[in-house]
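The following paragraphs offer a guided reading for someone who meets this structure without prior acquaintance. Please keep the sequence and the three-dimensional view at hand while reading.

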Amino acid sequence: MALRTPLYDWHIGHGGRIVEFGGWDMPVQYTSIVEEHQAVRTAAGLFDISHMGRLSFAGADALPLIQQVYTNNAATMKDGQVRYGLICNENGGVRDDVLVYRWPHGWAIVVNASNREKIVRWLDQHKNGRAVEITDQTMTTCMIAVQGPQALALCRGLTEADAEQLAYYYATPTRYHGKGCVLSRTGYTGEDGIEIMASATQAVELWEELVRRGVKPCGLGARDTLRLEAAMPLYGHELSEEIDPFQAGLSWAVKMDKGDFIGRDALQRRRADATLPRRVGLELAGRRAAREGSAVLSDGRTIGRVTSGTVTPTLNKAIAMAYVDPAYTAVGTVCTVDIRGKTEEARVVPLPFYRRETGERSRVSAPSANPLGR
Amino acid sequence: MDPKTLRYAKTHEWAYLEGNICTIGLTKFAVDQLTDVIYIDLPDVDDPVTAGDSFGEIESVKAVSDMYSPVSGDITAVNEKLETDPTLISNDPYDKGWLIKVKVEKGTTLDHLMTLQQYEEQIASEEH
């Protein structure tokens, strides 16, 4: 039986079409995916992301444990900072992509819903008697995102702390209607916005207040088209246990010189392996969407595979992310994509496909400028 | 087209027979279920179709669905406007959003298809 967030009944009562995702019954859309997508790009959209795993860490040895499993450097984080990174297996393959939060007296990690139990077990396996207590707070909390150019304005006065004072990728503990919560300036859409982690008991009240303030409820369908335009990887598509962060273009999230961590040795070898397929962005000539699994071809030979694809509402084109053989990763390379038996012309384009207007660049989107990730 | 004058397939296509030309489209219920239509893949004029077989695909942001011909015959016309504006089908599924016209054999009827009332009963029961 799939799990349900505290907002499930609200979603059902407001026309949310429910699908199972990562073990949870979630709304894929309320009205139209395109409408919801456009709301985020032009105003503000509201997302129930309570299905994501929220793990908190206490104890003197929390940092060493996190450093052992995490590819980025948690030791250089400031209090309140939020940092993206990967958790890898011993072969350098990605077990999950996560956000680490640093607090004065502890840490938190937000993980993908589909990987929550796997990561909880992984952390447990590597505790090795260290003084660290890990609490899975997923079931007792909720997580709601407000994303879009009007997000910050519509959230003015919502919590005690002012989100506009928060730097991008920083968080702060604060209060909503008197109860403790965490406010962060983070998101997965390529727009400015916030994410709030609060008590599950406040989920409906917080959500309804945001709706009254004019934020439009959006489902996972729009979440997917938004993150795809912003070239953000999705676990199970651009990331998996068989793909390393360098292939994915996420070398900026791997700090090889911070000290040892699980997968580091394998990553050393993989980084030097120039034969491994790399993530690229594709723009297709036609109007049909390439889907996960579609073959990418050159001269009739399969040279790669699509991991995500759609026709994007903002750009009004068919775009996709794919892993292709290194010889075909240069921007401008022409190839074809097999969509259910018919081939469409495509070419490699720079990532991200979409970047919002301000100076602030989305942290988790583009591969490094050098496609070999070095 | 007046929905009352049409006949319906279980797979949510509507059909209208005039002489031996059958016009085929998708019902409002079907397009409302699909929401964001991004592409419609239609056959070519003169292609044969067989009752019950897929004649094309309709693609939304999230999924691709087959469209099934309720009759057998040869395609005489295809709604080319849908190539450049697939949203026509969402806005006007019974008129401007028609899909194909099929020339059927003399004596073909649509009796094997549902009436509007029967179709409405089907969708009502599907929603539970």
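Which pattern does chain B follow when read along the sequence? The order is β-β-β-α-β-β-β-β-β-α-α-β-α, and chain B accordingly has four helices and nine strands. It should be kept in mind that the model under discussion is predicted.

The overall dimensions of chain B may be considered next. Along its principal axes, the C-alpha trace of chain B spans about 40 × 35 × 25 Å. A compact globule with 128 residues would have a radius of gyration near 14 Å, and chain B, with 14 Å, agrees with that expectation. Of those 128 residues, 35% count as buried. The contacts within chain B may also be described by separation along the sequence: among those between residues at least 6 apart, 62% join residues at least 24 apart.

Chain B also touches chain A. Seven residues of chain B are in contact with twelve residues of chain A. On the side of chain B that touches chain A, three residues are nonpolar, one is polar and three are charged.

Within chain A, helix α6, formed by residues 203-212, deserves a closer reading. Which residues of this helix are buried? They are A:Ala203, A:Leu206, A:Trp207 and A:Leu210. Because these residues cover an arc of only 95 degrees around the axis, they lie on the same side of α6(A). The face turned away from that buried side carries the exposed residues A:Glu208 and A:Arg212. As for the partners of the buried residues of α6(A), these residues pack against several elements of chain A, namely α1 (8-13), β3 (45-48), β9 (141-147), β10 (171-176) and β12 (193-199). Just after α6(A), A:Gly214 takes a positive phi of about 105 degrees.

A further residue of chain A merits attention. A:Arg278 is found in strand β14 of chain A, which comprises residues 278-284. Does A:Arg278 count as buried or exposed? A:Arg278 has 21 C-beta neighbours inside 10 Å, and a residue is buried if 20 or more other C-beta atoms lie within that distance; A:Arg278 therefore counts as buried. A:Arg278 and A:Val324 are 46 residues apart in sequence, yet the C-alpha to C-alpha separation of this pair in space is 5.6 Å.

Conventions. Residues are numbered from 1 along each chain as its sequence is written. Chains are lettered from A and ligands numbered from 1 in the order in which they are written. This is a predicted model: local features need pLDDT of at least 70, side-chain atom pairs count only at pLDDT 80 or more; totals for chains, interfaces and linings use all residues. Helices (H or I, at least four residues) and strands (E, at least two) are DSSP runs, numbered from the N terminus. The radius of gyration is taken over C-alpha atoms; the globule rule is 2.2 Å times the number of residues to the power 0.38. A residue is buried if 20 or more other C-beta atoms lie within 10 Å of its own, exposed if 12 or fewer, and partly exposed in between; C-beta atoms are placed from the backbone. Two residues are in contact if their C-beta atoms, placed from the backbone, lie within 7 Å. Ala, Val, Leu, Ile, Met, Phe, Trp, Tyr, Cys and Pro count as nonpolar, Asp, Glu, Lys and Arg as charged, and the others, Gly among them, as polar. The arc is that of the directions from the helix axis to the C-beta atoms.
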